[in-house]
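Student: I have a structure to go through and would like to know what stands behind the labels put on its residues. Can we take them in turn?

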Amino acid sequence: MKEDFKSIEFAPGKVLSVETGRIAKQADGSVVVKMGDTMVLCTVVSAKEPKPGQDFFPLTVDHKESFSAAGRFPGGFMKREGRSNEKEILSSRLIDRVLRPLFPKGYVCDTQVISSVISSDDENDGDVLGGVGASLAIHLSDIPFDGPMAEVRVGRVNGELIINPTVTELEESDIDMVVGGTEDSILMIEGEMKEISEAEMLNAIKAAHEAIKKLCDFQNELRKELGKEKREFVPPAVDEDLETKVKGLAEAAITDIVNIGLGKEEYNQKIKEAKDETIAKLEEEFAEDENASDKLSEAKKILGAIEKNALRNMILEQGRRIDGRSTTDIRDIWTQVGYIARAHGSSIFTRGETQALVSATLGTRRDEQSVDTLFDQEAKQFYLHYNFPPYSVGEAGFMRGPGRREIGHGHLAERSLRMMMPTFEEFGYVVRVISDITESNGSSSMASVCGGSMALMDAGVPIKKPVAGIAMGMIVGENKTAILSDIRGEEDFMGDMDFKTAGSADGITACQMDMKVQGISFETIEEALAQAHTGRMHILGEMAKTISSPRESISQYAPQFLKMEIDGSDIGAVIGPGGKVIQTLQKETGTEIIIEEDKNGKGQITISANDLSKAEEAKKRIKMIVGHLDEGATYKGIVKSIKDFGAFIEIAPGKDGLLHISEIDHKRVEKVTDYLQLGDEIEVKLLKVEHGGKLRLSRKALLEDDRG
């Protein structure tokens, strides 16, 4: 590949530059794409031959962001980038989901795409640039590819759609959506929105596709000039005799099972029995055949294709699905809140054979989730974690950390709810939602949205509106297309689309779409959006039967907190040398205290505790530290020193007062040590704040005079 450099303005004011032939020349394909001062190196390598027995396409996509790209050091002790962070994983998925369906069917050679952000201007995100660069690297290489494809981000500021908005523009945008596709079709959508309508979303998708078409044309021009000749690839031939034999043995039985109308467990069992019976007959027939193993492996693929075709034909021809539903029916829903006794909020959301057990936990500023990525360093005050244990699908498996799928599903559910969350200034709590999928048969991420919304309301989080989500599917035939509401697992696996939308009654807050086929019209997408809206409204109605608005009070087990303001000049006194004062105060009162200086120079203090009385005590002592002492008030103190004439009592860190011997008891006190010892905790009344800040205390003022 010779060295070259080209540019294109694919949207107003948006210029993409591409360099080839300079870096990573030993890769099968490599390009550097640039927008502003953000540069992404994209490479692809694909094995020349598949591994023996390989029957799936092992594509790996990794998007990496080096902190050096922005002239920064990574956080942590190692000072080196480690495993992929959440942002990198999500960006990798955005690229993978558009590339994967564009490799020819039957291509199973190990293939790796690496997208590396090597320069960042803090304004242009490298994720969508990586998508364009990955496509171009493959398109220019000798690897078989049905592309090109392109990805763009869509924003909207003051009603005007913007392609590839900058980070600054996104702060004012009510749409943040990534769209990927070819010059003919949309293949992937993912994003979040501030309750936009279906029509507004469709307009944003159309605007994105105009830019995508220009970028695809640009890649085709570069291929004509710079591309390598594609390596020869012949899809594996189908053994027509074997296919005929397998169909004769199993097609009728499998078609009958598909048409019965069964639940997941019974359906899977009957399908397994039919397939096992067929394989057993073939094993007997091929017992003396030296190619028996290969033929049996091929037979299993044919059986899968028979099941897929039977399912698709039933839907297209009869408008009927595996479980007997029509294309628009939603599975039965039942819900419950307050199920987990000590959680601050909880819910069970069950739709058909998919169930999410969701909890909401309220925390303080110290519970923020730290973020240290190339484009974002702000701590998160709302986050959602999604877990998919193996028992949810009736399997035994290893319990490791979250995989890419779990991170992706959790992120989608999180951004679906985020738009309806109160700000930290409005509510004052950090909020964590956990969705544990306890049963799964399709659309568990949308169950997490519904269950998350209900758990938040159960916790008393003042969300603006309830949120629900629904997963749509599609079956594309030669002359007919069927759109399916609330898809189950088999329909997702064997269908042509997975389109998830979430939102309130007033608009969409998040979406995710993946297409397995090309050529879907905007009219079809519009129809899917309209059908999804109907389904979402139905689900919101079912949720409202259990809970429809946030509870008026939070859980008794949630942290209680108070807020107070002090002069900026007093912040140092509250913290103390090396943090000694505030640490002592937290320990003695059993509280957590956070002090921040606002833009006006005032100290904003948040005091949290599991008991409001503890927070009140800490607030009182802070007021004492900064000189806000109330004469006549009662304070708890520690005996710090004893003299012949009395004792010095510390009623707050750094604030000692004199308890004179005459104020210890109503009776005459001969020796102070007859009443007090060092370290004793006693209650005293502040009699007077004298000149110079000296404190005069009394113990006897709090005692009943029983001298008669």
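**Salt bridges**

Tutor: In this predicted model, R621 forms a salt bridge with E588, with the closest N and O atoms 2.5 Å apart. The pair links distant parts of the chain, since R621 belongs to helix 15 (residues 612–625) and E588 to helix 14 (residues 580–589), 33 residues apart.

Student: Why is R621 called buried?

Tutor: The relative accessible area of R621 is 7%. Buried means under 20%, so R621 is buried.

Student: And what makes E588 partly exposed?

Tutor: E588 has 40% relative accessibility. Partly exposed covers the range between 20% and 50%, so E588 counts as partly exposed.

Student: How do you know that R418 and E192 form a salt bridge?

Tutor: The closest N and O atoms of R418 and E192 are 2.2 Å apart. A salt bridge needs a side-chain nitrogen of Lys or Arg within 4 Å of a carboxyl oxygen of Asp or Glu, so the pair of R418 and E192 qualifies. This pair also links distant parts of the chain: R418 is in helix 8 (residues 404–418) and E192 in strand 10 (residues 186–196), 226 residues apart.

Student: Which labels do R418 and E192 get for accessibility?

Tutor: R418 is partly exposed, because its relative accessible area is 30%. E192 counts as buried, because its value is 9%. Both R418 and E192 belong to a network of salt bridges that also links R97, E190, K380, E414, R415 and D514.

Student: What does the salt bridge between D125 and K87 tie together?

Tutor: The closest N and O atoms of D125 and K87 are 3.2 Å apart. D125 lies in the loop between strand 6 (111–119) and helix 2, and K87 in helix 1 (residues 86–99), so the pair ties together parts that are 38 residues apart in sequence. D125 is buried because its relative accessible area is 15%. The whole structure has 52 salt bridges.

**Backbone exceptions**

Student: What makes N158 and N164 worth listing?

Tutor: Most residues other than glycine have a negative phi. N158 is not a glycine, yet it has a positive phi of about 55°. N164 has a phi near 50°, again a positive value in a residue other than glycine. N158 sits in the loop between strand 7 and strand 8 (160–163), and N164 in the loop between strand 8 and helix 3 (167–171).

Student: Is N158 buried or exposed, and is N164 buried or exposed?

Tutor: N158 counts as exposed, because its relative accessibility is 79% and the cut-off is over 50%. N164 counts as buried, because its relative accessibility is 6%.

Student: Which residues does the cis peptide bond with omega of about 10° join?

Tutor: The bond joins G147 and P148. Most peptide bonds are trans. P148 is found in the loop between helix 2 (126–140) and strand 7 (150–157).

**Strand pairing**

Student: How do you know that strand 25 and strand 27 pair?

Tutor: Strand 25 (residues 655–660) and strand 27 (residues 695–698) share two bridges in the parallel sense. Pairing requires at least two bridges, so these two strands qualify. Within this pairing, L658 stands opposite R696.

Student: In which sense do strand 26 and strand 27 run, and how many bridges join them?

Tutor: Strand 26 (residues 681–689) and strand 27 run antiparallel, joined by four bridges. K685 has S698 as its bridge partner in strand 27, and L686 stands opposite L697. Five residues lie between the strands of this hairpin, where G692 takes a positive phi near 85°. Strand 26 is also joined to strand 23 (residues 634–643) by five bridges, again antiparallel. There, Y635 stands opposite V684 of strand 26.

**Surface**

Student: What makes the patch of E171, E172, D376 and E378 negative?

Tutor: Asp and Glu count as negative, and E171, E172, D376 and E378 form the patch. D376 is placed in the loop between strand 13 (354–363) and strand 14 (382–387).

Student: Why does D376 count as partly exposed?

Tutor: D376 has 34% relative accessibility. That value falls between the cut-offs of 20% and 50%, so D376 counts as partly exposed.

Note on methods. Residues numbered from 1 in each chain as written. Predicted model: local features only at pLDDT ≥ 70, side-chain atom pairs only at ≥ 80, totals over all residues. Heavy atoms only, no water. Patch = residues over 30% accessible without salt bridge, like charges linked within 9 Å, V, L, I, M, F, W, Y side chains within 5 Å. Areas by Shrake-Rupley, 256 points an atom, 1.4 Å probe, with all protein chains shown as cover. Charge placed at Lys NZ, Arg CZ, Asp CG, Glu CD. Buried < 20%, exposed > 50% of the residue type's maximum accessible area, 1.4 Å probe, protein only.
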